[in-house]
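Colleague: Could you walk me through how the labels on this model were reached? I would like to see each value beside its cut-off.

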Amino acid sequence: MSKVTSIMMVGVGGQGSILASKLMGAVLMKNGYDVKLSEVHGMSQRGGSVQTYVRYGKEVSAPVIDPGEADFLLCFEALEAARYLPYLKEGGTVITAQTRIDPMPVITGAMDYPADILQKLENSGVKVISADALAKAEAAGSAKAVNVVMLGLLAKQLDLPESDWLEAIDEIVPERFREMNKKAFLNS
Amino acid sequence: MKELLLGNEAVARGLYEAGAAVVSSYPGTPSTEITQYASGYDEIYCEWASNEKVGLEVAIGAAVAGKRAFSGMKHVGLNVAADPLYTVSYTGINAGLVVAVADDPGMHSSQNEQDSRNHAKGAKVPMLEPADSGDCLEFTKLAFDLSERFDTPVMIRLTTRVSHGRSIAVTGGRTEREAVPYKRNIAKYVMMPINARPRHPIAEERTQKLIEYAETAQINKIELNSTEIGVISSGVAYTYAKEALGKKASYLKLGMVFPLPEKLILDFASKVKTLYVIEELDDFIETHCRKLGVEVKGKDIFPLTGEYSQNMIREKILGEKLPFKALEEALPARPPVMCAGCTHRGVFYALSKLDVFVSGDIGCYTLGAAPPLGAMDTCICMGASISGAHGAAKAVGKIGGKLPVAVIGDSTFMHTGINSLINAAYNGGKFVTLILDNLTTGMTGGQHHPSTGYNIMGKPAHAVDYELLCRAIGITDVKIIDPYDLPATIDAITAAVNGDESCVIIFRRSCVLQKTAVRGPALTVDEEKCTGCKMCLKIGCPATSMKKSTSGASGQKMAIDRNQCVGCGQCVTLCRAGALGARNAQE
């Protein structure tokens, strides 16, 4: 099969993975790729660990990504980056927000939130790109724009024109949030 | 035009293009978006039905009257709709009738992972299975054509990865259809025994004709590559096989999974050396192959449970494993939780304190079974909370000295809980029913239902009055409580479970994710007062945690995540030190 690029987006249910996936899909369509995405819909995963798979190339068959297959692991929360590290392929890149959101076992005191996650990821020998996405999103106007800040970081690693991303935001994001999201994307 | 569509969106587009006129469905993950997207087309009448049986019956009525009709549901919803399905198979249709059922291998959002292909076989109804969004659109249109050509309802089987996968589909225009003239035909449509007996053989003959169709149907496709390995597959499992094996295998992709072809399978089997059947869940295709005398490898190496993937197929067939890295330490799990500001939280806090028998139901509130609340004993299916509590009370009366409790959401109550409550009132059941009325179908993303006061288009509709309804069926003790008022919530439930008579308590407040929800600013913590006792954490809110003091005070202090907290104030009641800022939510 021809070369397929696999991007796995992970985060906490409610962080806006569906918008990120729609924007990615639109940009890839503009560039003539075959695209397959797999998303999590409904509220049942709210607050839980969620995964979105994005795969593109000349021809794509499966809509999901398995351990050892992802070229990029795009993480909206740091613990989720650690959780899904096994999905990264050899030579792949982790792009993660430094954001910490405590899961219930940490809130109830049953477990501790792991310390120094980014350092541990780097020590494991993978390339790690990280940013204080929450601060950048808030600077753009909303804490909810962490997803788009992270897309901005990913976009720098992909060979897709910036204008296509901004156009996709125009097409998909409701008008009153458009400028804020563009700012978040460019702020990254 | 080439468009990137969600699988469910592509089914809706297929409904539009096929000229469907009536859609009636009950929401259920992963099927919900079909009907949501369909409601965006002015040409299609769409409605949320009170349950799947009702939805399918509405569609049957529309198809008999002469317009193309559709009903969509999740796999367990098809159990509810199985009654009309098995008989409309005998009557056949007038205009096309299509039923989509979305299975959930891996149980992303379901209480079981039953395989709906068994219902197709049981009901003797043909079933198509798309593998991606392109198939979804094409197969939906084809399903209507087959329905009319063979005088049968036609099912489309989806799975989570197809329903919630986005891929490219080619969209076109709508073909408007005049109503097929209706003529009374008692022998065909009135299924009393004398008419049903001759209709059964007609359904069996139809299956034989459909097998003939399946032998040459374009949706059953052979792709010849290496003949060392042959794969028979369908749906998303086919895409995994293709990903894993590429040109190392030849494929028979079955677009129609009931009835299955015979000659086509024998022909394919004769061309390949080792034949695998790759299908998620049951050994449906495999059993058919064995019946034909074809030797296949299937469930002897692949599981009957969960989802498949390309890695699984690579490993089982090629013996290849991809390398990967993992951190050594154990990471805390992140299970789904009730949202910050969830209106269900206080009710489950009260139930956990009271240690009563809780008969649960299907909805976001099933999360009340998870730590730290852990206040649930059973959850079986839609509506079972009330009938289950009734059964428990009839069997043993009080449990631990308290009346059993049924907990059910508003949409689930409208779905089937209402029948259970009528039964309990009629039979003198003595237990407590809590209706968690958050004014929406929360778990599937917020759909209207018969007691929200709005229809699928968001237009005003009659809202069922629960108090009147309860009184009409014979329950006179009915209270309404604001679930954000934790002391009132605890008092009402305590009094009810310690009483001796049946009662209904309605906890009414809009789901915090809905536009109608009132959200206040985040609460504040007075670190001077906070003693770090952690009482506030017992309510299990994701916006709360213990962190190192930000003001230099010693020890851990309660911290509020200002991006999550909506100021509902349910935790304020638990703070004995008075450290939490007063509730800011407006009434």
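**Values and cut-offs**

Modeller: Let's start with A:C75, which counts as buried because its relative accessibility is 0%, and buried means under 20% relative accessible area, with exposed over 50% and partly exposed in between (1.4 Å probe, protein chains only). This is a predicted model, where local features need pLDDT of at least 70, side-chain atom pairs count only at pLDDT 80 or more, and totals for chains, interfaces and linings use all residues. Residues are numbered from 1 along each chain as its sequence is written, chains are lettered from A and ligands numbered from 1 in the order in which they are written, and side-chain values use heavy atoms, leaving out hydrogens and water.

Colleague: How do you know that B:C342 is in no disulfide?

Modeller: A disulfide is a pair of cysteine sulfur atoms within 2.5 Å. For B:C342 the nearest cysteine sulfur, that of B:C339, is 6.2 Å away, so the pair fails the cut-off. A search of the whole structure finds 0 disulfides over all chains.

Colleague: Why is B:C342 called buried?

Modeller: Its relative accessible area is 10%, so B:C342 falls under the 20% limit.

Colleague: And why is B:T433 called buried?

Modeller: B:T433 has a relative accessible area of 1%, so the label buried applies. This residue lies in strand β16 (residues 432-437) of chain B; strands (E, at least two residues) and helices (H or I, at least four) are DSSP runs, numbered from the N terminus. Leaving aside neighbours within four places in sequence, B:T433 is in contact (heavy atoms within 4.5 Å) with residues including B:I386, B:L421 and B:V504.

Colleague: What makes B:Y238 and B:Y251 an edge-to-face pair?

Modeller: Rings of Phe, Tyr and Trp (its six-membered ring) pair if their centres lie within 6.5 Å; planes under 30 degrees apart count as stacked, over 60 as edge-to-face and the rest as tilted. By this rule there are 8 aromatic pairs over all chains. B:Y238 and B:Y251 stand 5.9 Å apart, centre to centre, with 85° between the planes, so both conditions are met. B:Y238 is in helix α11 and B:Y251 in strand β11 of chain B, 13 residues apart.

Colleague: Why is chain A called as compact as a globular protein of its length?

Modeller: The globule rule is 2.2 Å times the number of residues to the power 0.38, and the radius of gyration is taken over C-alpha atoms. For 188 residues the rule gives 16 Å, and chain A has 16 Å, so the description fits. Chain A comes to 8 helices and 6 strands.
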